[in-house]
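Subject: Structure for your review

Dear colleague,

Please find below the structure that I am handing over to you. I would be grateful if you would read the notes beneath it with the model open beside you.

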Amino acid sequence: MQKETDGIRKIAANYIFVPGWPLVKNGYVEISGFQGVRVVDTHGQIKEIAGLEFYGGMIVPDYVCACKSLLLPEVEILPFLERLFAQKGNVYQRVALIEGADLIRLVWKERAAIRLL
């Protein structure tokens, strides 16, 4: 008999920004083949959870990877993503991670990158 949580990947990061959610600090996402991506807002308090992966950066929908060439140094990340969400919508099955951006000012930096998780 399988547990209900089998097959669910849990990924935490400094920030999560996906369609339909405000910016979430220190939360995590649960990814399931059946239910897609679900955001868990921990109200900034991540606790140890079995199988929880943590990455430094910002979790975003996977389709942001295809648009990374549009991100130039000093571009504000949230307005850029909001415009992208308006175009692409909230349909995605995977997430990506923005790494190396200035997460204090939420701006893209020259050495920043995006990768699928």
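The notes that follow go from the overall fold to two strands and then to two loop residues.

**Overall fold**

Please bear in mind that this is a predicted model. The protein contains 1 helix and 7 strands. Their order along the sequence is β-β-β-β-β-α-β-β. The C-alpha trace spans about 50 × 30 × 20 Å along its principal axes. How does the radius of gyration of the protein agree with that of a compact globule? For 117 residues, such a globule would have a radius of gyration near 13 Å, and the protein has 14 Å, so the two agree.

Of the 117 residues, 44% count as buried. Among contacts with a separation of 6 or more, 57% are made by residues 24 or more positions apart. The exposed surface of the protein comes to about 7200 Å², of which carbon and sulfur atoms supply 52%. As for charge, there are 14 positive and 13 negative side chains, and the centres of these two sets lie 2 Å apart.

**Strand S3**

Strand S3 covers residues 28–32, and 5 of its 5 residues are buried. In a regular strand, side chains alternate between the two faces of the sheet. In S3, Tyr-28, Glu-30 and Ser-32 lie on one side, Val-29 and Ile-31 lie on the other, and all of them are buried, which leaves both faces covered.

Which strands pair with S3? One is strand S1 (residues 9–16), which pairs with S3 in the antiparallel sense over 4 bridges. The other is S4, joined to S3 by 5 bridges and also antiparallel. S3 and S4 form a hairpin, with 3 residues between them. Tyr-28 is a useful residue to find on the model: its bridge partners are Ala-12 and, in S4, Val-40.

**Strand S6**

Is strand S6 (residues 95–99) enclosed or open? Of its 5 residues, 4 are buried, so S6 is largely enclosed by the rest of the structure. S6 also has a strand paired with it on each of two counts: S5 (residues 52–61) is antiparallel to S6 over 4 bridges, and S7 (residues 113–116) is antiparallel to S6 and joined to it by 4 bridges. Within these pairings, Pro-61 has Val-95 of S6 as its bridge partner, while Glu-99 stands opposite Ala-113 in S7.

**Two buried residues in loops**

Trp-108 lies in the loop between S6 and S7. Why does Trp-108 count as buried? Its relative accessibility is 4%, and a residue is buried when this value is under 20%, so Trp-108 qualifies. Leaving out residues up to four places away in sequence, Trp-108 touches several others, including Leu-71, Leu-72, Pro-73, Ile-98 and Ala-113. Ala-113 is also the residue opposite Glu-99. Trp-108 and Phe-85 are 23 residues apart in sequence, and their C-alpha atoms are 17 Å apart in space.

Thr-42 is found in the loop between S4 (36–40) and S5. With a relative accessible area of 16%, Thr-42 is buried. Apart from neighbours within four places in sequence, Thr-42 is in contact with Lys-25, Asn-26, Gly-27 and Tyr-28. Tyr-28 is one of the buried residues of S3 described above.

Yours sincerely

Key
Residues numbered from 1 in each chain as written. Predicted model: local features only at pLDDT ≥ 70, side-chain atom pairs only at ≥ 80, totals over all residues. Heavy atoms only, no water. Buried < 20%, exposed > 50% of the residue type's maximum accessible area, 1.4 Å probe, protein only. Pairing = 2+ DSSP bridges. Rg over C-alpha atoms; globule rule 2.2 N^0.38 Å. Contact = heavy atoms within 4.5 Å. Areas by Shrake-Rupley, 256 points an atom, 1.4 Å probe, with all protein chains shown as cover. Lys, Arg positive; Asp, Glu negative; His and termini not counted. Charge placed at Lys NZ, Arg CZ, Asp CG, Glu CD.
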